Amino acid sequence: MNVLVLYQSRKGHTRAAAEAIGQAARDLKHNVHVKSVIEVRKVDVEAADVLFVGAWVHGFILFGVRPAGAELWVPALPSLAGKRVGVFCTYAFNPRGSLQALGAMLSARGATVLGQHAVQRSHPGAGAESFVQSVLQSAEGVMA
């Protein structure tokens, strides 16, 4: 399966989580590309069977927590029509509704969200293997 891991990172935490997700997919013998959302091209998305899309969480703990800048870069992504997607975020304190918000934005672009994963930014690889395995198994079931 061709896997594309897209991320938006400010200080490198989300990039590290994206790399961990990419490595987990490679360990399962999939063809993987990891790219920043600013460098992704239409051909990259078209070639992918499954995408993992992630962002860091921005905002205040009690209100306004959201996937950073996603309202700007999600609409700029190539079409996600029919694409199977796993959504992830990195956070400092609490991701609140960030995963749901990012998932809703991607769904509005035609993606089918198969899983979500929030990871504390100080441990960017935590849970990557089980998240990847779950999403890829769901994708294989949908594709069969």
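Visitor: Which residue of strand 6 does Val85 stand opposite?
Guide: This is a predicted model, and the answer is read from its atoms. Val85 belongs to one face of strand 5, together with Val87, Cys89 and Tyr91. Across from Val85, in strand 6, stands Val113.

Visitor: Over how many bridges do strand 5 and strand 6 pair?
Guide: Strand 6 covers residues 112–120. One facing pair is Gly86 with Gly115 of strand 6. The two strands run in the parallel sense, and their bridges number eight.

Visitor: What is the handedness of the β-α-β unit that strand 5, helix 4 and strand 6 make?
Guide: Helix 4 spans residues 98–108. Strand 5 and strand 6 pair in the parallel sense. With helix 4, they make a β-α-β unit that is right-handed.

Visitor: Over how many bridges does strand 3 pair with strand 5?
Guide: Leu51 stands opposite Val85 in strand 5. Strand 3 holds residues 50–58. Strand 3 and strand 5 are parallel, and the bridge count is seven.

Visitor: How many of the eight residues of strand 5 are buried?
Guide: Take the faces in turn. On one side, Arg84, Gly86, Phe88 and Thr90 are all buried. On the other side, Val85, Val87, Cys89 and Tyr91 are buried as well. The number of buried residues in strand 5 is eight.

Visitor: What is the geometry of the pair made by the rings of Phe52 and Phe131?
Guide: A search of the whole structure turns up one aromatic pair. The ring centres of Phe52 and Phe131 are 5.3 Å apart, and the planes meet at 75 degrees. An angle over 60 degrees is the cut-off that applies. The pair is therefore edge-to-face.

Visitor: How many residues apart in sequence are the parts that this pair ties together?
Guide: Phe52 sits in strand 3. Phe131 sits in helix 5, residues 128–143. The pair thus joins parts whose separation in sequence, in residues, is 79.

Visitor: Is Phe52 buried or exposed?
Guide: The relative accessibility of Phe52 is 0%. The contacts of Phe52 beyond four places in sequence include Val3, Leu4, Val5, Leu6 and Ile21. Further contacts of Phe52 include Val132, Val135 and Leu136. At under 20% relative accessible area, Phe52 counts as buried.

Visitor: What relative accessible area does Phe131 have?
Guide: Beyond four places in sequence, Phe131 is in contact with Ile21 and Phe52, among others. Those contacts also include Gly86, Val87 and Phe88, plus Gly115, Gln116 and His117. Phe131 is buried, and its relative accessible area is 6%.

Visitor: How far apart are the C-alpha atoms of Phe131 and Ala81?
Guide: Phe131 lies in helix 5. Along the chain, Phe131 and Ala81 are 50 residues apart. In space, their C-alpha atoms are separated by 22 Å.

Visitor: How many residues make up the largest nonpolar core?
Guide: Strand 1 (2–8), strand 3, helix 3 (70–73), strand 5 and helix 4 each supply at least two residues of this core. Leu6, Leu51, Trp73, Leu77, Leu102 and Leu106 touch the most other members. The size of the core, in residues, is 23.

Visitor: Which residues does Leu77 touch, not counting those up to four places away in sequence?
Guide: Leu77 is among the core residues that touch the most other members. With its sequence neighbours up to four places away left out, Leu77 touches Leu6, Val37, Val40, Leu106 and Arg109.

Visitor: How many residues are in the second, separate core?
Guide: Its members include Val3, Ala17, Val135 and Ala139. Two of these, Val3 and Val135, are also contacts of Phe52. In residues, this second core counts 21.

Visitor: At what distance from the ring centre of Trp56 does Arg10 lie?
Guide: Arg10 lies over the face of Trp56. A charge over a ring has to be within 6 Å of the ring centre. For Arg10 the distance is 4.3 Å.

Visitor: Is Phe93 buried or exposed?
Guide: Phe93 is in the loop between strand 5 and helix 4. Its relative accessible area is 65%. The cut-off is over 50%, so Phe93 is exposed.

Visitor: Which residue has a positive phi although it is not a glycine?
Guide: Look in the loop between helix 1 (13–27) and strand 2 (31–36). The residue there is exposed, at 73% relative accessibility. Its phi is about 75 degrees, and the residue is Lys29.

Definitions and conventions. Residues are numbered from 1 along each chain as its sequence is written. This is a predicted model: local features need pLDDT of at least 70, side-chain atom pairs count only at pLDDT 80 or more; totals for chains, interfaces and linings use all residues. Side-chain values use heavy atoms; hydrogens and water are left out. Rings of Phe, Tyr and Trp (its six-membered ring) pair if their centres lie within 6.5 Å; planes under 30 degrees apart count as stacked, over 60 as edge-to-face and the rest as tilted. Helices (H or I, at least four residues) and strands (E, at least two) are DSSP runs, numbered from the N terminus. A charge sits over a ring if NZ of Lys or CZ of Arg is within 6 Å of the ring centre and within 35 degrees of the ring normal. A nonpolar core is a set of buried Ala, Val, Leu, Ile, Met, Phe, Trp, Tyr and Cys residues joined through side-chain atoms within 4.5 Å. Buried means under 20% relative accessible area, exposed over 50%, partly exposed in between (1.4 Å probe, protein chains only). Contact means heavy atoms within 4.5 Å. Two strands pair if DSSP finds at least two bridges between them. A crossover is right-handed if, with the strands pointing away from the viewer, the path from the first strand over the helix to the second runs clockwise.
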